[in-house]
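Here are my notes on the model, as numbered points. Please keep the structure open while reading.

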Amino acid sequence: MEKNLLETPIEYLKGVGPQRAELLKKEIGIFTFGQLLEYYPFRYVDRTRFYKIREIQSDSTEVQIKGQLIKLEEIGKSRQKRLVAQFADDTGMVELIWFQGIRWVKQGLKAGVDYIVFGKPSFFKGKLSFAHPELEKVADSSTSSDLVGLQPIYSSTEKLSSKGLHAKGIARLMKNLLEQVGNVIPENLSPALLDKLRLMPKAQAMEQVHFPRSPQLAEAARNRLKFEEFFFIQLGLLHQKNLHKARFKGYVFEKVGDHFNQFFHRHLPFELTGAQKRVLKEIRKDLRAGVHMNRLVQGDVGSGKTIVALMSMLLALDNGFQSCLMAPTEILATQHFNSLVELLERMNINVALLTGSTKPAARKKIHQMLEDGTLHLIVGTHALIEEKVKFKNLGLAVIDEQHRFGVAQRAALWKKNTLPPHILVMTATPIPRTLAMSLYGDLDISLIDELPPGRKPIRTEHRFDSHRLRIFDFMKKEIAKGRQIYVVYPLIEESETLDYKDLMDGYESICREFPKPHFQVSIVHGKMKAEDKDLEMERFASGKTQIMVATTVIEVGVNVPNASVMVIESAERFGLSQLHQLRGRVGRGAEQSYCILMTGHKLSNDAKTRMETMVRTNDGFEIADVDLRLRGPGDLMGTRQSGALDLRIADLSKDAPILNLARQYAEYILKNDPNLESSENQNIRKGFLARSRGKTQWSRIS
């Protein structure tokens with residue numbers, strides 16, 4: 001009965017019908033009673049208090065006043081026409097103005113009658129007025145339940161509003177809905193959990209979140225529903241993780257052999273940081289446990305993830321297995337390949353690169369060597385998951401920046417061996433802990449949170465365009481010390497032509513300020529041929545040019561330890577994580593490095609916050625937290641992943657304490673009752689099964 005009622009198609013709700021139902025489906029994705037019930041208000045308006053006209057301030061939000069309509073008249077002609085009413089209480093007078101629907105509004109109003117007026121006041125030339133306020137006769141207000149207590153405000157759209165489904169119209173539907181389903185809303189948390197955390201029962205929470213009797217009850221209802229939302233996400237991820245461990249056996253890498261030891265004792269270019277050692281220990285534990293490893297390694301730019309990945313691949317080799325490293329772009333795959341070749345140059349290990357650009361003859365040879373086992377490590381792009389790529393015995397797959405691969409692409413790696421290879425996922429995009437717990441909660445997470453010794457923190461400064469000459473002087477001083485400099489321009493697809501012009505103008509002004517033969521300037525952008533781009537990058541990397549003017553193509557793919565200055569033009573047009581990634585291109589040597597953020601004087605509040613954050617900290621995780629607050633999880637990780645969360649009421653950037661609590665209790669319950677079979681947990685089991693139907697676990701690699 002419960003299930004059927006909440007799954008009733010929305011057109012059968014009183015006040016909806018076929019036309020409105022079609023709009024609700026198209027505009028806000030509401031198909032059933034249950035989905036409308038979870039369409040929560042984003043704020044409330046207090047209808048409990050009446051203001052006197054003289055109390056209203058210029059910065060007041062919506063207010064409610066009681067008084068008499070004195071006079072009503074139409075002013076202006078045709079399109080300029082407006083309806084103006086004089087409205088007064090015993091402390092003063094205001095104007096009520098309507099620019100649209102004048103005839104309809106006028107029919108419902110009468111001078112000399114007492115009304116309640118609700119709306120947002122505005123002051124123009126010292127005069128107080130309300131545009132398009134809501135009005136109700138005082139005589140009717142005692143019977144109207146709409147104007148009591150906190151009024152919910154729902155998001156609407158232009159098309160919905162045109163059919164009467166503005167915030168108030170949706171509130172009326174919600175009232176009808178609660179009258180119909182209020183007694184049959186199923187409880188999906190256990191009595192013990194409700195009692196322990198002092199949470200409101202589900203039916204009461206639904207009533208109070210939509211029509212709260214007080215601000216305190218509204219908050220208690222929202223907290224109950226936020227906890228529930230996070231709890232079921234965490235329950236799903238942890239259940240998936242447990243299933244994964246029980247279902248998939250993994251190759252056992254027992255040996256720490258010659259390859260690992262020889263590299264560690266003789267060829268490691270620097271001593272490992274404490275964080276790298278800790279993460280390697282976690283990986284070693286996974287690899288010899290006999291279960292399938294599914295681990296995410298997070299580490300800021302330059303924290304040494306590649307060394308950790310390589311040493312894990314050497315462990316695979318010591319145990320007779322091949323490894324692959326898959327990167328999302330050719331430029332990143334090539335950078336990884338070059339790093340591995342350099343690190344392994346004095347060891348007898350075969351490494352190859354396979355991308356879309358690999359010539360047919362080389363491709364054929366690589367395929368053959370992979371099948372006969374003479375190729376030990378392969379680095380590549382999506383080319384690695386093509387059907388014709390077959391391994392003799394793939395034991396470990398390392399995936400870099402995995403959020404840029406689709407689920408099907410990652411899953412294709414599984415089919416490269418009889419038992420699935422161990423999976424090590426790496427990302428240099430710091431993911432806030434709340435987001436990592438919600439997107440990758442079914443993976444084990446390792447953190448490399450130390451930079452290699454000898455690295456000085458990059459000094460970041462924000463400068464306005466008017467300081468450009470001073471910046472040029474600073475660049476000349478750095479070049480005189482033998483350093484190199486990046487100057488980066490934004491490239492945003494919608495305005496590519498404009499961006500290209502900015503880039504070329506900037507390049508010309510740099511060439512004028514830094515003339516040949518004293519200075520050499522490279523330029524790299526997306527419109528260049530690949531070979532020209534490579535030549536320019538190579539000239540900069542080898543020190544033949546001192547300045548590299550580029551678009552964001554250098555965000556990944558260039559590692560020049562001698563580059564000590566990063567100048568980012570129009571920095572306000574970049575997101576925080578991109579600014580942080582760009583900054584990570586410098587600071588790779590032992591010298592002091594600098595990042596200079598150039599902007600105009602007019603900055604939005606968000607842009608100011610981004611600049612202040614970059615100047616204040618080099619901590620990628622702190623930056624990611626600010627980014628999450630500014631942009632939300634959808635923009636941060638791409639719509640595919642944010643769709644997986646499908647959060648209706650909880651907010652990852654504000655509700656971390658509730659998320660942590662939900663994770664803690666989900667872990668506790670699954671530890672004591674892995675299949676939710678106890679009578680105590682039957683509500684949770686039903687809720688879990690109802691939510692799991694048709695949901696995809698996006699972070700799954702299986």
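1. Start with F227. Setting aside neighbours within four places in sequence, F227 contacts L189, L193, L197 and L199. The list of its contacts also includes I658, L661, A662 and Y665. Bear in mind throughout that this is a predicted model.

2. F227 is part of something bigger. The largest nonpolar core has 52 residues. Within this core, L193, F227, F231, L235 and I378 touch the most other members. Helix α25, residues 656-672, supplies the largest share of the core, namely seven residues. A second core lies apart from this one and has 42 residues. Its members include I283, L287, V308 and A316. As a general point, nonpolar side chains in soluble globular proteins tend to be buried together.

3. Now the aromatics. F227 joins F231 and F232 in one aromatic cluster. The count of aromatic pairs comes to 10. F514 and F519 make one such pair, in edge-to-face geometry. Their centres are 5.2 Å apart, and their planes meet at 85°. Why edge-to-face? The angle of 85° is over 60 degrees, so the pair falls in that class.

4. Are F514 and F519 buried or exposed? F514 is buried, at 2% relative accessible area. F519 also counts as buried, with a relative accessibility of 15%. The cut-off matters for F519: buried means under 20%, so 15% qualifies.

5. Two rings have a charge over them. R49 places its charged end over the ring of Y51, 3.9 Å from the ring centre. K66 lies over the face of F50, and here the distance to the ring centre is 4.6 Å.

6. Next, the open sheet. It has seven strands with parallel pairing. The order is β12-β13-β11-β14-β15-β10-β16. Which strands stand at the edges? They are β12 (351-354) and β16 (444-448). Each has a single partner strand, so one side of each is left without a neighbour in the sheet. On average, neighbouring strands of this sheet are turned by 20° against each other, direction ignored.

7. Look inside that sheet at β11 and β14. Strand β11 covers residues 322-326, and strand β14 covers residues 394-400. Five bridges pair them in the parallel sense. M326 has I399 of β14 as its bridge partner.

8. Strand β7 (residues 127-131) pairs in both senses. With β4 (residues 92-98) the pairing is parallel, over three bridges. L96 is bridged to F130 in β7. With β6 (residues 121-124) β7 runs antiparallel, and four bridges join the two. Here F124 has K127 of β7 as its bridge partner. Strands β6 and β7 form a hairpin, with two residues between them. K125 sits in the turn and has a positive phi of about 50°. In general, strands of a sheet pair through backbone hydrogen bonds, either parallel or antiparallel.

9. Last, the whole chain. The protein has 702 residues, and 52% of them count as buried. Its secondary structure comes to 26 helices and 22 strands. The C-alpha trace spans about 95 × 75 × 40 Å along its principal axes. Take the contacts between residues at least 6 apart in sequence: 74% of these join residues at least 24 apart.

Note on methods
Residues numbered from 1 in each chain as written. Predicted model: local features only at pLDDT ≥ 70, side-chain atom pairs only at ≥ 80, totals over all residues. Heavy atoms only, no water. Phe/Tyr/Trp six-rings, centres within 6.5 Å; stacked < 30°, edge-to-face > 60°. Buried < 20%, exposed > 50% of the residue type's maximum accessible area, 1.4 Å probe, protein only. Lys NZ or Arg CZ within 6 Å of the ring centre and 35° of its normal. Core = buried A, V, L, I, M, F, W, Y, C linked by side-chain atoms within 4.5 Å. Contact = heavy atoms within 4.5 Å. Pairing = 2+ DSSP bridges. Axes fitted to C-alpha atoms, helices over the stretch in contact; angles between N-to-C directions.
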